[in-house]
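Biologist: I am new to this structure and would like a close look at one part of it, namely the pairing of its strands. Please go through the pairs one by one and then say what lies next to them.

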Amino acid sequence: MLPKGFDHAQVDPKWYAYWEEIGAFRADPASGRPRFSMVLPPPNVTGSLHIGHALNHTLPDIIVRWKRMQGLDVLWLPGTDHAGIATQNVVEKQLAKEGKTRDELGREAFEARVWEWVRQSHDTITGQMRKLGDSVDWSRERFTLDEPLSRAVRREFVSLYRDGLIYRDQYIVNWCPRCRTALSDLEVVHRETAGKLYYVRYPRVDGDGFLVVATTRPETMLGDTAVAVNPEDERNRHLVGARLRLPIVGREIPVIADAFVDPQFGTGAVKVTPAHDPNDFAMGKRHSLPEIAVIGEDGRMTAAAGAYTGLDRTKARAAIVEALERQGLLERVDDHRHAVGHCERCSTVVEPLISLQWWVKIAPLASEAIRAVEEGRIRFVPANWTKTYNEWMTNIHDWCISRQLWWGHRIPAWYCDTCGEMIVAEDTPAACACGGPLRQETDVLDTWFSSGLWPFSTLGWPDDTDDLRHYYPTDLLVTGFDIIFFWVARMIMLGLRFAGDVPFRDVYITALVRDAQGQKMSKSKGNVVDPLQLMDEIGADALRFTLAAMASPGMDIALSEGRLTGYRQFINKIWNASRFLLMNLGDDPARLPVPAFEGLALIHRWILHRVSVLARELEAALTEYRFDVAAHQVYHFFWHEYADWYIEMVKPHLQATGAERDEAIAVLLDVHDRVLRMLHPFIPFVTEEIWQTIPKRRDDGLARDGVHQTIARATFPTYEAGWIDERAAAAMTLIQDVTTAIRTARAERGVPPSRKLTALIDGAAPDDRQILTDGAAYIKRLAGLDELTLVERVPRSPDTVRQVVGRLQVHIPLAGIVDREAEQERIRRELARLDKQLTGVQAKLANPDFRERADPEVVEETTRQHHELGEQREKLTRILAELVG
């Protein structure tokens, strides 16, 4: 017997430990069963999982649990990512609090300190995964710095290098002065910033006045090597070839013509600083301009900056502006909003610098990846992400893969200082061919260079393993939209290159989880939801079901306390219905088969029909990754059909004896078992706890492949064609509609539940009369009637409530039961209260200031309130009219 309440804190860890003990989630390539495989996007070992992770773990877990219950050999491979720059930043911040730096520790000691953190973070993350119910195969867990995966990375690097797709060159990069490393374009966040536009006079060498140049970064002008104008700009094209005196520095620089210049920006003349702007760098290459770096990797001015050497770049800006003003060369300063690049990890303003880096020549890889999606070998869900993917891949640039960090995969390249030779190899060479000593490249690889191999390196590549042959390509990837380009695109390119096929067939892109007001969660706003805390409060099942029910394709999730609480109540509803079942089994809980369908009572045929239809609906919804639709369907069935109607209607049958009771028990048990199995992928813990208590038939086949009995390996219910009975469904709909109409009339007129009523029904066709006659006992019991009569015609009376149900009219006499005068007065008072509320809401909505200045969420809530008040008023007005007669 189940206890009175569901205690998730006691139940959840018990069953997860049991699943691990019996190997419920272990894949078996030798099983001979059809396979389904997925890899878990490896969480970064930077702390703990957030609410977005909870969504991105719940949805794939629903799929793999469903597939496993369908009898497939399922692999869901877990692991974690070393997350180079992110993890290094975490540890460096810890050291800073201790007054230390990584340089003081040295590389070896620093790496040891990072490993300590990694182990701690790993344990936190995997603990959260177990708490959430992730049904991953822990026996195959991987870490991106595991030696087998590191060997795969070295093979990848050496192969691309030998094929001419990796090269080392000086190029302008995004540089973070705080992290002291190059960043890819994807690691730079551009934020709208309130800045200034400085108009600076550049004197002409011939003494014929000035050319005014507009710039947002006067501190970089010390490195100018030209001023450019658009050749089609009539204002300035006559100056092409003229020479200017660079303010402060005094160096002569030319005026050049380049079509890249936007004539609408500033004065149409722009400074060209090839060492500190990517567009200027490209322009400098086109015009063979020198490159003068005046800002260094530490964000301070270099020796080339003259008197400003050593100044922080922001302080240098202020000093240079002051000098320009003092020399009469600052014409004016305007306010100017523009996008400024910031480091994704530490939010420092990024500095474009020319640097010697390692690069992947990306175009040859990208073309194959574009073709794979165009040919339908990979499908994005929702489909609109296909366009986003194609646009980005079409305009992709070479990939900077080197990072000036200590944590990560060191680049497998060695340099000989004796002869200048560079060796790229998978294994560490002993010495240079000239006999000279070798030193390894100090840079590490971009994190995504290793995680791009994740779908096949985790299966044993570059070795030819059973797992690789059996489980690659994987079937599905569930991931967030924010890493389509970081990760998804690179997995596709590298999978095609090295594994010979796409890494997955479907890519399901999840939405963003926001707060109840639809705001993005952030620590600064104080609206971050901790999934660990939520699971402690309401349990993993309630959190999982909430996320699934709200996962509508293409729509962000506004996570509210109301929805979480509502689905926690759903868990309670399942628990209480299960207790009812078990309490009614009696002393002999033997599991009997369902009797022949044709001879069953109407309510049994109806519920078996509905549970069979539900199985078909869930199959369709989950096949298309409509988690929201599937959750709604099973929720509606359990609460509003099975619990609210069938359980209430079956109670008299359970009180009977003999065949009637046996029939009721058999159907009740079968349906309850089926719906528990349907619910299991969504809410695994509570369903396992309940399922273990209900009787099983010996022919269930639940110990498949030697695995102990667990609902996680039970068969997922399927459509039963022999149970489809549309006539039973139509009959039940009529009984439900009549019952609901009477219940509504009672509630609207304030009739106490204990007061029995009489109902008269006219207008029933012969088929409907038979249904209502056969179902009269159900209607009387559920609607609180002592009499239900089918008549030809009922005279109108102000003391009789009339409810229309399709072609029928249901009449409920209330004379002597409801005081019409008192009820009219009550409704008039309620209408007056509603009118007062409506007037206030309408005035607010009619105020333009309110609509323009209030938060959109507040306006939306006020509009919804106006609609609901209007509906309440309309209903009360109708009831008042009926009472007046």
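Modeller: In this predicted model, Arg 243 stands opposite Pro 254, a residue of strand 11. Arg 243 belongs to strand 10, which covers residues 243-245 and pairs with strand 11 in the antiparallel sense over three bridges. The two strands make a hairpin, with six residues between them. In that turn, Ile 248 has a positive phi of about 70°.

Strand 11, residues 252-257, also pairs with strand 9, residues 226-229. Here the sense is parallel, again over three bridges. One residue of strand 9, Val 229, has Ala 257 as its bridge partner in strand 11. Strand 11 thus takes part in a parallel pair with strand 9 and in an antiparallel pair with strand 10.

Further along the chain, there is an open sheet of three strands, in the order 19-18-20, with antiparallel pairing. The edges are held by strand 19 (422-424) and strand 20 (438-440); each has a single partner strand, so one side of each is left without a neighbour in the sheet. Neighbouring strands of this sheet are turned against each other by 30° on average, direction ignored.

One of the pairs in this sheet joins strand 18, residues 413-416, to strand 19 in the antiparallel sense, over three bridges. Within the pair, Trp 414 stands opposite Ile 423 of strand 19.

Next to strand 18 comes Pro 412, in the loop between strand 17 (402-403) and strand 18. Is Pro 412 buried or exposed? Its relative accessible area is 2%, which is under the 20% cut-off, so Pro 412 counts as buried. Leaving aside residues up to four places away in sequence, Pro 412 touches Arg 154, Phe 157, Ile 423, Val 424, Ala 425 and Gln 440. Among these contacts, Ile 423 is the residue that faces Trp 414 across the strand pair. Pro 412 and Ile 401 are 11 residues apart along the chain, and their C-alpha atoms are separated by 13 Å.

Beyond the sheet, helix 14 spans residues 484-499, and 14 of its 16 residues are buried, so the helix is largely enclosed by the rest of the structure. Just after helix 14 comes Gly 500, with a positive phi of about 80°.

Definitions and conventions:
Residues are numbered from 1 along each chain as its sequence is written. This is a predicted model: local features need pLDDT of at least 70, side-chain atom pairs count only at pLDDT 80 or more; totals for chains, interfaces and linings use all residues. Side-chain values use heavy atoms; hydrogens and water are left out. Two strands pair if DSSP finds at least two bridges between them. Helices (H or I, at least four residues) and strands (E, at least two) are DSSP runs, numbered from the N terminus. Axes are lines fitted to C-alpha atoms, for helices over the stretch in contact, and angles run from 0 to 180 degrees between N-to-C directions. Buried means under 20% relative accessible area, exposed over 50%, partly exposed in between (1.4 Å probe, protein chains only). Contact means heavy atoms within 4.5 Å.
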